[in-house]
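This report describes the pockets of a single protein chain and the residues that line them. Please keep the sequence and the structure at hand while reading.

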Amino acid sequence: MFDKLLKVAGIFSEAFRDAVLFLRFNSYSPFVDPSRRAFYKILIEAHTIEKGLSLPNPKPLFGKDKIRFVMNALSRYDIRHSPIPAHMSLGALDAYVNFHAKAGLSDPLLDEISGYLKAWEAKLPRPWKGGTRDYSFLGQPLNNLQQLIASRSSIRTMRSTPQHPDRILEAIALAQLAPSQCNRQSSRVHAYQDPALIQQLLALQGGSRGFAETVGNLFVVSSEICAWGGPGQRNQAYVDGALFAMCLMFACRSMGWGACPLNLAIDHKTEAAIRRTGGIPAGERLIMMIAFGEPVAPDTKVAFSPRRPAAEIATLHA
Ligand SMILES: Cc1cc2nc3c(=O)[nH]c(=O)nc-3n(C[C@H](O)[C@H](O)[C@H](O)COP(=O)(O)O)c2cc1C
């Protein structure tokens with residue numbers, strides 16, 4: 001009995017320490033190095049531009065506020081911290097200008113961006129790793145794991161045709177090969193094909209604007225909380241759930257489908273609303289959604305989403 005009480009107390013005390021740690025180091029914290037915070041902020045905002053350009057029908061002059069934010073933030077950013085935010089921003093701004101030029105549209109903002117890019121060319125010469133890139137479902141053999149990993153990308157142009165349940169189960173069975181702690185396999189996956197229900201779920205999610213209406217197949221990945229107990233395991237549902245979700249995305253790629261992970265960075269109220277809407281039991285923690293389906297065409301455009309050089313994120317402890 002005493003052991004159990006200690007565990008309960010531990011859960012509260014760990015939750016408190018989680019909160020303190022998060023407050024101390026989160027992206028708004030004044031105690032974090034400003035370059036480090038700016039790095040993430042610019043990446044996130046530049047991504048909204050590259051993502052906007054990878055949608056089925058980008059809106060002319062979309063995201064004016066984001067564009068201004070990125071230009072201002074990048075001007076203040078010290079690229080010695082990492083040049084990636086500059087690559088991603090400049091590439092996205094360049095692609096934005098080119099997209100409008102191709103569509104024959106003009107606007108003072110586009111001239112302003114062009115001038116901004118010219119000024120940056122001296123500091124960081126082209127080619128910039130950013131904007132969009134061409135992606136093909138064909139011509140990429142998936143004979144080994146490296147090729148499969150390298151050929152996955154978030155796809156935001158997909159057909160709404162429902163996939164056959166057998167094929168969906170085949171993909172899920174592949175994803176089940178993900179490792180899990182003590183092989184407890186707490187991950188769950190809910191698959192939806194009813195167009196109205198999918199739209200309700202995506203409206204609660206919020207990150208698929210611009211392509212939600214094309215989604216005809218949707219996974220919600222969750223994890224059963226009752227697989228976990230004690231303060232030390234408080235985050236393990238997310239660890240196992242995320243590993244499962246990653247394998248599910250690779251499985252989708254291996255089936256020839258496009259897939260786009262969709263965040264569930266939400267509060268309890270929204271999580272409960274998604275559970276209610278999707279008929280998901282209360283004892284499951286929601287990990288993420290994955291929109292998937294046949295690609296519209298074998299060739300498409302995807303957000304460039306450049307990766308940092310490995311040495312930038314690695315610490316080799318010799
Ligand atoms: C947990 C998670 C949540 C994501 N949420 C969204 C989302 O809500 N909407 C979206 O369009 N993309 C979303 N993405 C996709 C990322 O933008 C994408 O993975 C990133 O830019 C890297 O590009 P890549 O997947 O093409 O390699 C999410 C990715 C992850 C891993």
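## Helix H2 and the largest pocket

In this predicted model, helix H2 contributes six residues to the lining of the largest pocket, and no other element gives more. Helix H2 spans 34–53, and it is joined by helix H4 (84–102), helix H6 (145–150) and strand S4 (258–263), each of which supplies at least two residues of that lining.

The largest pocket holds about 980 Å³ of space and is lined by 30 residues, among which Ile-44, His-47, Arg-156, Pro-261 and Asn-263 lie nearest its centre. Sorted by class, the lining of the largest pocket comprises 14 nonpolar, eight polar and eight charged residues.

## The second largest pocket

The second largest pocket has a volume of about 450 Å³, and its lining is made up of 16 residues, with Gly-52, Leu-55, Phe-62, Arg-209 and Gly-210 lying nearest the centre. Here too H2 provides the largest share, which in this pocket amounts to four residues. By class, the lining of the second largest pocket has eight polar residues, together with four nonpolar and four charged ones.

## Contributions from the two domains

Domain 1 covers 34–130 and domain 2 covers 135–300, and each of them gives at least three residues to the lining of the largest pocket. For the second largest pocket, the lining likewise draws at least three residues from each of domain 1 and domain 2.

Conventions: Residues numbered from 1 in each chain as written. Predicted model: local features only at pLDDT ≥ 70, side-chain atom pairs only at ≥ 80, totals over all residues. Heavy atoms only, no water. 1 Å grid on protein atoms, 1.4 Å probe; cavity = no way out; pocket = protein on both sides within 12 Å on 5 of 7 lines; lining within 4 Å. Points joined across faces, edges and corners; volume = space filled by probe spheres on them. Nonpolar A, V, L, I, M, F, W, Y, C, P; charged D, E, K, R; others polar. Domains from an automatic or database assignment.
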